[in-house]
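Work through the exercises below with the sequence and the structure at hand. Each task is followed by a solution in steps.

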Amino acid sequence: MELRLAEVFASIRAAQAASDEPLCAYLYDLEGLRRNAVRVVDSLPAGCELFYAIKANSDLPVLQTLAPLVHGFEVSSGGELAWVREHFAEVPVIFSGPGKLDSELEAAVAQHVDCLHVESLNELQRLAAILDRTGKTQAVLLRINLALDSLAETTLMMGGKPTPFGIPAQQLQECLAWLHNYPEIQLRGFHFHLLSHQLDAQAHLQLLRAYLKQVRQWCEQYRLSIAQVNVGGGIGINYRQPDRQFDWVDFSSGLSALLDKSGLPGVRVRFELGRYITAACGYYAMQVIDIKRTYGKIFVIGRGGSHHFRTPYAQGHSHPFHVLPVDTWPYAFPRSAVSNERVSVVGQLCTPKDLLAFDAPVETVRCNDLVVFPYAGAYAWHISHHDFLRHPHPLQWYLPVEEGAHAAREQA
Ligand SMILES: Cc1ncc(COP(=O)(O)O)c(C=O)c1O
């Protein structure tokens, strides 16, 4: 995963120089995003498809960059579905998520989603009533919450234990028996998303092996003929040790062999990745307003905070950052600085929870310098409580895709 830091830092510096207030900004590197998506798509073995889970970042320029590269978009609400359909009439869409409203199921059917991922018998029954009323059919995957003996847990588990997500494996038989009487619901296969934040390529291969083994067993046991297994998202970003990212090369090369041995010939394997696709394209920049030493700790206070960038607090990590020196200092008094010490980076909110980095070593940081957080392109702005304290929203801009890059790929 390549970060284009030189281009990004130059752009942030230019914005800071043009600003008459301390800078607070999100910058998204669309060329970096394009390259990352191409790298992932091109390494997938035949029979695999990549959908992008737009919940990670649904900004239009992000979706426009990805649409020509991925097989489609995964949405998890009627709002996301409407947003995608407003801008991409033709892109294949799949619809997941718990607690779908009847109106959302109806919209999914009307908008021709490629596949609905059903989360419960109740949802199947409500879908059947809609299909009955409209005379339509719908392809579905059953999302199964699978308990696996050797499941290596990550910091964010959506299954493998009691959670609100998916159908517990023990209830599958009842769902299948019920489906027999409803041919308007076409069972295309199974959907799993047991975890996010996976950092270990071999552990992820093992998880996928377990999914496919279980699916093969169900196919034999219930005499099913299925076309697809959706293995969810969940590839993580190593925020704590950014030099040690998920080994995608190891993963994608192991995947080929795994699929060959799955005993499910012709079954397509779909991924719906969010964080791994967009996290690395986003940067959150804060200009330092104040530096305080207090009771043995140092706090660097930047413009902005967790109301813009909630990722570190949400995941409980100290987010990595870069310091970009800004040499201008507009005051007559000397500016505060710290060198070769450990600091916490905080924002402007009146809560000790407004903590973006802690115990982080810095060479030097001074008031008016810029602190830039990488890996802020997924579950960052979009999961933050923007209007808390009514601070203004950050500036936001996009570094464009290199001219002709999409066209060159299409021709290749
Ligand atoms: C059903 C489902 N699929 C895909 C994703 C995307 O996960 P990630 O961003 O970890 O790849 C999520 C995230 O919550 C999800 O719930």
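A salt bridge is a side-chain nitrogen of Lys or Arg within 4 Å of a carboxyl oxygen of Asp or Glu. The model used here is predicted.

**Exercise 1. Decide whether Glu2 and Arg35 form or lack a salt bridge, and place both residues in the chain.**

Step 1. The closest N and O atoms of Glu2 and Arg35 are 3.4 Å apart.
Step 2. The cut-off is 4 Å, so a pair at this distance qualifies as a salt bridge.
Step 3. Glu2 sits in the segment before α1 (5–18), whereas Arg35 belongs to helix α2 (residues 30–43). With their positions 33 residues apart, the pair links distant parts of the chain.
Step 4. For the structure as a whole, the count is 22 salt bridges.

**Exercise 2. Divide the chain into domains and compare the result with the UniProt record.**

Step 1. The domain assignment gives domain 1 as 5–27 + 280–399 and domain 2 as 30–279. Domain 1 is therefore written as two stretches of sequence, with bounds taken from an automatic or database assignment.
Step 2. UniProt, in an unreviewed entry, places the feature "domain: Orn/DAP/Arg decarboxylase 2 N-terminal" at residues 34–279.
Step 3. Residues 34–279 are 39% helix and 19% strand, and the end C-alpha atoms of this span lie 12 Å apart.

**Exercise 3. Describe the interface between domain 1 and domain 2.**

Step 1. Start with the extent. The C-alpha centres of the two domains are 35 Å apart, and 19 residues of domain 1 contact 19 residues of domain 2.
Step 2. Between them the domains bury about 1800 Å², with 56% of this area on carbon and sulfur atoms. Tyr375, Tyr379 and Tyr398 provide 34% of the area that domain 1 buries against domain 2, more than any other three residues.
Step 3. Next, count the polar links. There are 0 salt bridges between domain 1 and domain 2, but 15 residue pairs are in polar contact, both residues being at pLDDT 80 or more.
Step 4. Now find the elements on the domain 1 side. α11 (311–315) and β19 (395–399) each supply at least two residues there, and β19 gives the most, with 3 residues.
Step 5. By class, this side of domain 1 has 9 nonpolar, 10 polar and no charged residues.

**Exercise 4. Which backbone oxygens does the side chain of Ser253 reach?**

Step 1. Ser253 is part of helix α9 (residues 248–260).
Step 2. The Ser253 side chain reaches the backbone oxygen of Val249 at 2.6 Å.
Step 3. The backbone oxygen of Asp250 is reached by the Ser253 side chain at 3.3 Å.

Key: Residues are numbered from 1 along each chain as its sequence is written. This is a predicted model: local features need pLDDT of at least 70, side-chain atom pairs count only at pLDDT 80 or more; totals for chains, interfaces and linings use all residues. Side-chain values use heavy atoms; hydrogens and water are left out. Contact means heavy atoms within 4.5 Å. Buried area is the accessible area (1.4 Å probe) that two parts lose on being put together, summed over both. A polar contact is a pair of N or O atoms within 3.5 Å; within protein, one must be able to donate a hydrogen and the other to accept it, and residues adjacent in sequence count only if both atoms are side-chain atoms. Helices (H or I, at least four residues) and strands (E, at least two) are DSSP runs, numbered from the N terminus. Ala, Val, Leu, Ile, Met, Phe, Trp, Tyr, Cys and Pro count as nonpolar, Asp, Glu, Lys and Arg as charged, and the others, Gly among them, as polar. UniProt positions are given in the numbering used here, feature names are shortened, and annotations may be inferred rather than shown by experiment.
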